[in-house]
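Biologist: I'd like to learn how to read helix packing in a model like this one. Can you walk me through it?

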Amino acid sequence: MDNAPDWLIAADSLFGMPFHFWTLQFFLVGAMVGSFLNVCIHRMPRDESVFNPPSHCPHCGYRIPWGLNIPIITWFWLRGRCRSCQTPISPRYVLIEILTAGAFVASWLVYGREQPGVAFAAAALLAIFIGSTVIDFEHIIIPDQFTLGGTVMGFLFSAFVPSLHGELTAALSLKKSGLGIAVGAGLVYLVLRGGKLLFGRQRIRLAPGSRIVFTETVLALPNGEQLPYEELFYRQADTVEFQAQRMELPDRGYTNQRVRIALRREPPLIEIGDEKLDASEVVHLEAITDEIICPREAMGLGDVKFMACIGAFLGWQATLFSFALSSMLGAVVGVSLIALGKKEWSGRLPFGPYIAVAATVWLFGGSQWAERWFSR
Ligand SMILES: [Zn+2]
């Protein structure tokens with residue numbers, strides 16, 4: 001820490017204020033960040049701007065005046081209801097604010113005294129985890145704003161807080177950050193490309209008579225879920241199959257045909273019964289069906305970028321640790337859910353939350369544990 005400015009070292013009286021004065025600041029800023037995460041969680045998957053319009057009741061459009069919109073407190077003060085139309089506001093909002101504030105405080109308490117710079121980085125990373133986890137649970141995607149934005153943020157933190165990687169200079173720290181990005185993203189990408197390891201195929205059951213739409217870039221399901229082709233079709237052998245009760249192409253229709261779509265073939269292929277079509281000439285396809293069979297992936301491209309973000313903040317060892325621990329967690333939770341009958345084997349499970357939990361374990365002690373383990 002020889003090169004670090006004094007304020008990074010003298011944490012006991014940072015800017016002349018006592019340590020727990022800063023604990024309180026971390027709590028307050030954490031609550032505000034949590035409030036912003038709520039906006040991100042609601043809007044990012046819908047491709048809406050997170051800045052405009054300002055927060056409002058989704059039911060009646062009422063805008064809480066700026067001065068009254070205080071994280072955590074407002075929700076309790078309004079007893080969890082919109083002030084104007086009395087529609088209940090989900091307790092999830094206040095829980096995320098409290099959780100984020102708690103994560104900020106934990107970062108400060110663990111790292112504040114000896115490495116205040118690292119406390120800031122840890123708080124930022126945990127905020128990214130909270131946002132990503134909730135969105136991944138709901139939509140099985142992690143927005144680029146979190147993953148790619150987080151990777152850039154981790155790289156910047158590495159430049160300004162070299163002790164994040166146990167280094168004294170920005171150059172050495174950035175090198176470790178870059179290596180972390182490469183190893184983290186490379187690892188998950190290889191597993192994705194490499195294949196059907198644990199996965200195979202999944203059956204997505206739909207309500208009878210559901211309409212599915214293949215656009216130029218995504219398969220849209222009736223529940224609003226969109227499966228991007230880059231996630232569905234990785235390998236040449238990847239196919240999406242279904243029994244179409246009715247199917248419409250722009251220029252013709254079919255009834256009761258077996259359909260297979262393989263977009264990684266050369267040329268990309270659509271098979272309808274015995275007929276073969278070049279998919280690159282079909283821009284839009286709609287079908288009525290009650291079940292689709294897709295390639296199953298435990299992980300997606302979002303997880304590749306997510307692991308890059310973790311590597312940027314925490315280095316390559318953290319990505320190996322997170323990958324190993326998250327795979328174990330995912331397997332244990334997945335098998336338990338199936339055993340308890342809560343989830344069908346074919347169900348889609350988000351993987352990001354497991355990665356986030358594993359990396360959090362690393363952040364709060366796993367790294368020291370690994371050091372001791374490997375230095376024996
Ligand atoms: Zn309202």
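Modeller: What follows goes from the whole chain to helix pairs and then to a single residue. This is a predicted model, where local features need pLDDT of at least 70, side-chain atom pairs count only at pLDDT 80 or more, and totals for chains, interfaces and linings use all residues. Residues are numbered from 1 along each chain as its sequence is written.

Biologist: How many helices and strands does the chain have?

Modeller: There are 10 helices and eight strands; these are DSSP runs numbered from the N terminus, with helices being H or I of at least four residues and strands E of at least two.

Biologist: And how do I describe two packed helices?

Modeller: You use the angle between their axes and the distance between the axes. Axes are lines fitted to C-alpha atoms, for helices over the stretch in contact, and angles run from 0 to 180 degrees between N-to-C directions. Here, H3 (residues 91–111) and H4 (residues 116–139) have axes that come within 8 Å and cross at roughly 155°. That makes the pair roughly antiparallel (angles over 145 degrees; under 35 is roughly parallel, 65 to 115 roughly perpendicular, the rest oblique).

Biologist: Which residues make that contact?

Modeller: Contact means C-beta atoms, placed from the backbone, within 7 Å. Among them are Phe-104 and Trp-108 of H3, and Leu-126 and Ile-130 of H4.

Biologist: Which pair shows a parallel arrangement?

Modeller: Try H5 (residues 144–160) and H8 (residues 301–314), with axes coming within 7 Å and crossing at roughly 15°. That makes H5 roughly parallel to H8. The contact includes Phe-155 of H5 and Phe-306 of H8.

Biologist: What do the buried residues of H1 pack against?

Modeller: A residue is buried if 20 or more other C-beta atoms lie within 10 Å of its own, exposed if 12 or fewer, and partly exposed in between. In H1, the buried ones include Phe-26, Leu-37 and Ile-41, and the buried residues of this helix pack against H3 and H4. Across the chain of 376 residues, 35% count as buried.

Biologist: Now one residue: is Ile-355 buried or exposed?

Modeller: Ile-355 is buried, with 31 other C-beta atoms within 10 Å. This residue lies in H10 (residues 352–374). Leaving aside neighbours within four places in sequence, Ile-355 is in contact with Asp-303, Phe-306, Met-307, Ser-322 and Ser-326. So Phe-306 turns up in the contact of H5 with H8 and also touches Ile-355.

Methods. Two residues are in contact if their C-beta atoms, placed from the backbone, lie within 7 Å.
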